[in-house]
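Please open the model in a viewer and keep the selection tool at hand. The tour proceeds by selections, with a remark on what each one shows.

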Amino acid sequence: MSRRLVLRLIQAILVLFVLSFVVYGLIGLMPGDPIDMMAAGSPTMTAADVAQLKAVYGVGQPLLPRYLHWLRAALSGDLGFSRLTGLPVIRTLGPPLGHTLALMLTSLVVAQIFALPLGMIAALRERRPLDHGLNFVAFATMSLPTFWLALVLIMIFAVGLRWLPASGVETPGGGGLIDRIHHLVLPVAALAVASFGHYLRYMRAAMIGALRADWVRTARAKGASWTRVAIHHTLRNALVPVVTVLGLDFGTLFSGVVVTETVFGYPGMGKLIYDAVAGNDYNLAIAALMLATATTLVGSILADLAYAALDPRVRFA
Amino acid sequence: MGWRRRIGGLLVALAVAVGGTTLPQTARAAHDTLTIGISQFPSNFNPLINSMVAKAYALGMVVRPFTTFDKDWKAVCMLCTELPTMENGKAVAETQPDGKPGVAITYTIRPDAKWGDGTPVTTDDVVFTWNVGKDPKSGVNNGEAFRRIRAIDVKDAQTFTLHVNKLTFDYNLINDFQVLPAHLEKKAFEDPAEYKNRSLYETDTTNPGLYYGPYRITQVERGQFIVFEPNPTWWGAKPHFQKVVIKAVEATPALEANLLSGGVDMIAGEVGFTLDAALAFETRKRPEWTVIYKPGLSFEQLSPNLDNPILADKRVRQALLYGLDRATLIQQVFQGKQIVADTMVNPLDWCYDANVKKYPYDPAKAAALLDEAGWKAGADGERLNAAGKPLAIELMTTAGNRNREVTELVVQQAWKRLGINVTLRNQPARTFFGETVLKHAFPDFAMFAWFSAPENVPREILYSDMVPTAANNFSGENSGGYRNPEMDKLLDAIEVELDKTKRGVLWKQFQELFAEDLPMLPITYRSDPFVLPTWLKGVEPTGHQYPTTLWIENWRAEE
């Protein structure tokens, strides 16, 4: 198993190398650059200023030498400075990473707390009114555009009732854990509602499949209750496909919530990656995207490990 | 009963939200904190590196330029004691060592100006700033303004003379000369190429010694907010607010929600609501806020590609402008909150010529001009040339800019009525500006805005040698390809004419030529919407790129 794990890690590192070049190249292929955008908004900048700035920031140099220069520095642990913030990339990544982790992990946990048991219940009550009701709720939440849902939540709880803040991570000058939790409630609710339906459906489908297995019929024939069968005999099996989805969703922890972050003014990784790519901030964009890629790869390896833990028949061979 | 009350509350809130009105804002006991909503977070804080409106807005509270334009677009001193002029003897024309005319300008720093750590602002800072600004490696965005300064003579700790290599009418304006604290920043500048990364403005943003305005920055959460508190070393009137917070919320609906929920008190006009968002907000009829629309220097226009033989004919350009009802467009789409543009000179600028040739909506005149240019209307009304080729125009602008997209549709309809087939092809801003406009690569028309300064000479935009080409590595912003030696001569003459009366005559000629040639079709001058709480007084929108925050010490709360 450890050999297999090492192979998976080597494979992941190779994927990271290839992707780093692809990402670098794709950013380089985008037309225009931020210096031109800056010049358009600044009436006093001259053509000489524009040329000078392009030279300072290396805009317009050939892609390959730039990439190799970056790679050499990155391999020695220097990820460089962010062009947009003027700060070291590591320092620029830190706060958004923390914000996103808090937001995404909380919303993921909240979604699972509701989706997994309800998915199980729906499967146990397959084609009965409760199952239909839960399916309806699942499809409804899946169909809601997150942007719209976020705005509705803001309008109700921030504008109308004034129970919760409309945006941000903390109150300026205030702060504190409770204040941060207060700020997390609405974005977490929006994201959890958006993903709840998907997980409920995955869980329901996996559970229905598991409940039709021979050993379930055997267990029932031996007199085990539905609850006992569901929890002790089928849940672990049903969790295998759900874990796969969770593993693959891991990558979106860092990059998939741009809309939610924008609506809630929540400075997380999604927004950071978007700004870095749009602003030709190579160092920041590549570091953030590599982080997202690495997370997806790690998620996939963790999912493999989880299979083995959940199903003794699965072994790395 | 509790749950029923909660559900009732929810429904009321939802109804209120859908209905466009909300519960009344809770009255605040004391307004000692002002929270300002903006739609963009400053990317950095060094005053010389990377220009952006959000940063200028934030820095307006903490630093002051030597000179700027006030709300009446008059040049004023902020960090200096008196604006140097030829008349007061503080500016003297001189001949440079190479024999060309230059100017020596003497400024005196306010003697009471101190950095937030108590260190006086001195000529050491001025010389240091000049060294940073002119160094090609430092990444200063307006380096040319510093490189124009040939030498600096220091008289004492407060007085210095700049020797500038060109004598232009705005010789005494050094608006972009934002002084840096030498006592703190010298170390960061030891390696000029690394200065932009090592500057204390980025690495120690809350250091009080970096600021000398009425406020200083005391907390920064990047991407979220900036907290300002009064600077004890500020020389001027004591600011009213004990704390000012700038909160960045990019999405317009979320920005509005913040305003309605009390998350922010006001929305900055410079970098807040778009015009359509402000107009929509006004329909809520909320008495707690006033919306002020300040016409500014953002000049929305249609740039024709003048290398296209159809548009090279000025009769066609004139016809197209006569065929566009801009007054109705402004009234219907922007509820009269913008102003019709006649030329590149804003009606609020002193040099504006009210008698310049206008292009009121006149479809008959437009049709006659098109006929004259050889584009006759066929049986179905379509305009064709002698060879039977239909008159077709492609219009491009920035995708996602709602105001422009609506304007574009109005233009399309208006020109269609003249018998012209207009197609629309929009691109994301980055592609549009970074490729299409920059490389002069639009086939017919590109619609975008030019942002200028008061009495700005549009050399980069209209001079013949400023047409971006592959040969000049696409430098210059004359993206329409306008080339007219008469215009070049005028631009040259305006730049160096010191006599205001004579310059006024030249500006008049400039406007006449512009209105006749139409190197671009002027549409509107955009307005910035300021959403201010009724209790906030003293905010005076400027309409130019120097923000209202430069006078924040005059802002106060009055019930």
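**Chain B as a whole**

Begin by selecting chain B of this predicted model. Among its contacts between residues at least 6 apart in sequence, 67% join residues at least 24 apart. Chain B contains 18 helices and 21 strands, and its C-alpha trace spans about 90 × 80 × 40 Å along the principal axes. How does the radius of gyration of chain B agree with that of a compact globule? For 559 residues such a globule would have a value near 24 Å, and chain B has 26 Å, which agrees. Buried residues account for 50% of the 559 residues in chain B.

**Confidence**

Next, colour chain B by pLDDT. The mean for chain B is 91, and 95% of its residues reach 70 or more. Select residues 1-5 of chain B: the pLDDT there is below 50, and the stretch has 0 contacts in the model beyond near neighbours in sequence. Then select residues 7-29 of chain B, where the pLDDT is also below 50; this stretch has 25 contacts beyond near neighbours in sequence. Where pLDDT is low, the predicted coordinates should not be read in detail. The model scores ipTM 0.75 and pTM 0.84.

**A sheet of four strands in chain B**

Now select strands 4, 5, 6 and 7 of chain B. They form an open sheet in the order 4-5-7-6, with antiparallel pairing. Which strands lie at the edges? Strand 4 (91-95) and strand 6 (149-154) of chain B do, each pairing on one side only. Neighbouring strands of this sheet are turned by 25° against each other on average, direction ignored.

Narrow the selection to strand 4 and strand 5 (residues 101-108) of chain B, which pair in the antiparallel sense over 5 bridges. Within this region, B:E94 has B:G102 of strand 5 as its bridge partner. Add helix 3 (residues 123-134) of chain B, which packs on the sheet and touches strand 6 and strand 7 (159-164) of chain B. The direction of helix 3 of chain B makes about 165° with that of strand 6 of chain B.

**Where the chains meet**

Show both chains and select the residues in contact between them: 60 come from chain B and 50 from chain A. On the side of chain B that touches chain A, the elements supplying at least two residues each include helix 1 (2-19), strand 9 (225-230), strand 10 (243-248) and helix 8 (252-260) of chain B. The largest share of that side, 6 residues, comes from helix 1 of chain B. By class, the side of chain B that touches chain A has 23 nonpolar, 25 polar and 12 charged residues.

**Two stops in chain A**

Select helix 13 (residues 269-278) of chain A. Is this helix mostly covered or mostly uncovered? Helix 13 of chain A is mostly covered, with 7 of its 10 residues buried. Among them are A:M269, A:L272, A:I273 and A:A276, together with the charged residues A:K271 and A:D275. After helix 13 of chain A comes A:N280, whose phi is positive, near 50°.

Finally, select A:Q61, in the loop between helix 3 (47-57) and helix 4 (63-75) of chain A. A:Q61 is partly exposed, with 13 other C-beta atoms within 10 Å. Add A:P129 and display the distance: the C-alpha atoms of A:Q61 and A:P129, 68 residues apart along the chain, are separated by 64 Å.

Methods
Residues are numbered from 1 along each chain as its sequence is written. Chains are lettered from A and ligands numbered from 1 in the order in which they are written. This is a predicted model: local features need pLDDT of at least 70, side-chain atom pairs count only at pLDDT 80 or more; totals for chains, interfaces and linings use all residues. The radius of gyration is taken over C-alpha atoms; the globule rule is 2.2 Å times the number of residues to the power 0.38. A residue is buried if 20 or more other C-beta atoms lie within 10 Å of its own, exposed if 12 or fewer, and partly exposed in between; C-beta atoms are placed from the backbone. Two residues are in contact if their C-beta atoms, placed from the backbone, lie within 7 Å. Two strands pair if DSSP finds at least two bridges between them. Axes are lines fitted to C-alpha atoms, for helices over the stretch in contact, and angles run from 0 to 180 degrees between N-to-C directions. pLDDT is the predictor's confidence in each residue, from 0 to 100.
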